[in-house]
Amino acid sequence: MEAVENKSKTINKTAHAMTLHRQLVTAMPTFFIYLSRILIIFIASYISLTQQVDFNGVIILSFVVSASFSSTQSLISVVSSLLETFAAAERLFEIEDTLPAVTELPEAEDIGSISSIEFENVSFGYKEQNGAILDEINLCISEGGKLGIIGESGAGKSTILRLLLRFWDVSRGRITLDGKDLKDVQLKALRSHIALLEQNTFIYNDTAAANIALGKPDASREEIIEAAKRAGIHNTIEALPDGYDTPLGEFGNRLSGGEKQRVGIARIMLIDPDVIVMDEPTSSLDVFNEKLILKTLEDEYSDKTVIIVSHRNSTLTGCGTICRLNAGKLEQVVSD
């Protein structure tokens with residue numbers, strides 16, 4: 001609790017300093033502009049009273065000089081925007097300069113279809129944290145197998161999927177594909193054979209066809225429509241104003257949560273991977289949509305290797321093997 005309070009004080013102090021700086025940058029030019037206008041009026045009045053210049057000329061001169069400050073006033077907003085732009089650019093360069101979490105070995109090889117996946121004494125933990133997220137995990141998934149991983153939030157379920165996709169490297173142990181160490185496989189080849197369906201499918205502000213063809217940009221319209229039909233989203237797309245050429249809006253605001261997930265399923269069906277991994281695919285859906293999605297997955301992926309992680313038993317009804325994770329440890333394995 002004390003650590004949270006100290007962080008909050010630091011954030012508040014930094015925010016206060018930034019607000020003062022922003023207000024100062026904005027206020028100072030405005031102050032001098034209005035001060036200049038007052039001086040102009042004062043000088044013009046003095047000149048008029050001493051009758052050095054015609055009164056009409058004084059009015060015109062005052063108006064022209066005051067109007068010239070309008071462009072200066074606009075610069076104030078530019079200066080304020082520049083501060084935010086510099087901060088955003090700094091964050092972008094920081095991301096660009098960040099070294100990748102994993103690197104591909106020069107001798108990494110391509111891989112054919114994936115028949116088996118094995119976790120051998122796999123442990124994982126972040127360097128900046130004490131303790132392991134996963135501890136001595138052993139799993140074996142054969143071709144066409146359906147594996148469900150259940151556990152509470154923070155148990156390490158999603159970490160297993162990210163290790164399989166090699167977003168991170170294991171701390172100890174190894175993961176093999178058909179006996180080949182995951183580190184010896186090209187990243188592009190690995191991720192072309194394994195597809196990920198996450199809890200929230202990200203929809204771009206592009207057409208329905210382009211969103212479905214995200215993983216296969218050169219797909220024909222016929223292939224896209226076939227994938228949409230298999231995913232059960234074809235009729236919904238056809239009902240849009242321009243069908244498959246309709247932009248889906250920011251974050252897919254034209255679609256419901258279940259429809260977004262079906263777009264994600266259509267993406268997977270289009271690329272036809274060997275292994276499908278799903279991270280809480282129905283957690284944001286109601287019971288009716290959950291059953292529809294699971295029925296689609298069962299019908300279309302009967303011959304695929306599927307790994308599903310969830311904290312709900314209902315999501316794993318079609319899995320032949322269910323593993324329970326508790327605090328990074330594999331507690332039990334239940335098989336049909």
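**Calls and cut-offs in a predicted model**

Mentor: Start with Glu120 and Arg174, whose side chains join in a salt bridge with N and O 3.0 Å apart. The model is predicted.

Trainee: What makes the contact of Glu120 and Arg174 a salt bridge?

Mentor: The call needs a side-chain nitrogen of Lys or Arg within 4 Å of a carboxyl oxygen of Asp or Glu. For Glu120 and Arg174 the N to O distance is 3.0 Å, so the pair meets the 4 Å limit.

Trainee: Which parts of the chain does the pair link?

Mentor: Distant ones: Glu120 is in strand 1 and Arg174 in strand 4 (residues 172-177), 54 residues apart.

Trainee: Why are Glu120 and Arg174 called partly exposed?

Mentor: Buried means under 20% relative accessible area, and exposed means over 50%. Glu120 has 24%, so it counts as partly exposed. Arg174 has 33% and therefore gets that label too.

Trainee: How many salt bridges does the rule give?

Mentor: The count comes to eight. One of them joins Lys180 to Glu109, with the closest N and O atoms 2.9 Å apart. This pair also links distant parts of the chain: Lys180 belongs to strand 5 (residues 180-181), and Glu109 to the loop between helix 3 and strand 1, 71 residues apart.

Trainee: How exposed are Lys180 and Glu109?

Mentor: Lys180, at 25% relative accessibility, is partly exposed. Glu109, at 43%, is partly exposed as well.

Trainee: How do you know that Asp245 and Arg221 meet in a salt bridge?

Mentor: Their N to O distance is 3.0 Å; the limit is 4 Å, so the pair qualifies. Asp245 and Arg221 meet in this way from distant parts of the chain: Asp245 is in the loop between helix 8 (234-238) and helix 9, and Arg221 is in helix 7 (residues 221-231), 24 residues apart. Asp245 has a relative accessible area of 44% and Arg221 one of 35%, so both fall between the cut-offs of 20% and 50%.

Trainee: Which residues are linked in a network of salt bridges?

Mentor: Arg162, Glu198 and Asp279.

Trainee: What makes Glu90, Glu94, Glu96 and Asp97 a negative surface patch?

Mentor: Asp and Glu count as negative. A patch takes residues with over 30% relative accessible area and no salt bridge, and joins like charges within 9 Å. Glu90, Glu94, Glu96 and Asp97 form such a patch. Take Glu96, in helix 3 (residues 69-97): its relative accessible area is 63%, so it is exposed and clears the 30% requirement.

Trainee: Which residues form the nonpolar patch on the surface?

Mentor: Leu24, Met28, Phe31, Phe32, Leu35, Leu39, Phe42 and Ile43, with about 800 Å² of accessible area together. Ile43 is in helix 1 (residues 2-49). At 47% relative accessible area Ile43 is partly exposed, so it too passes the 30% requirement for a patch.

Trainee: How do you know that the length of helix 9 agrees with its number of residues?

Mentor: Helix 9 (residues 257-271) has 15 residues, which at 1.5 Å a residue should span 21 Å; the end C-alpha atoms are 22 Å apart, so the two agree.

Trainee: Why is helix 9 called mostly covered?

Mentor: Of its 15 residues, 11 are buried, which means that each of the 11 has under 20% relative accessible area. Among them are Gly258, Gln261, Val263, Ile265 and Leu270.

Trainee: What makes the phi of Asn121 worth a remark?

Mentor: Most residues other than glycine have a negative phi. Asn121 is not a glycine, yet its phi is positive, about 50°. Asn121 sits in strand 1 (residues 116-124) and is partly exposed at 40% relative accessibility. Glu136 also has a positive phi, near 55°. Glu136 is in strand 2 (residues 134-142), and its relative accessible area of 40% makes it partly exposed.

Trainee: Why is Ile308 called buried?

Mentor: Its relative accessible area is 6%, and the cut-off for buried is under 20%, so the label holds. Ile308 is in strand 8 (residues 305-310). Its C-alpha atom is 9.4 Å from that of Ser158, although the two residues are 150 apart along the chain.

Conventions. Residues numbered from 1 in each chain as written. Predicted model: local features only at pLDDT ≥ 70, side-chain atom pairs only at ≥ 80, totals over all residues. Heavy atoms only, no water. Patch = residues over 30% accessible without salt bridge, like charges linked within 9 Å, V, L, I, M, F, W, Y side chains within 5 Å. Areas by Shrake-Rupley, 256 points an atom, 1.4 Å probe, with all protein chains shown as cover. Charge placed at Lys NZ, Arg CZ, Asp CG, Glu CD. Helix = DSSP H or I, 4+ residues; strand = E, 2+ residues; numbered from the N terminus. Buried < 20%, exposed > 50% of the residue type's maximum accessible area, 1.4 Å probe, protein only. Expected span 1.5 Å × (residues − 1).
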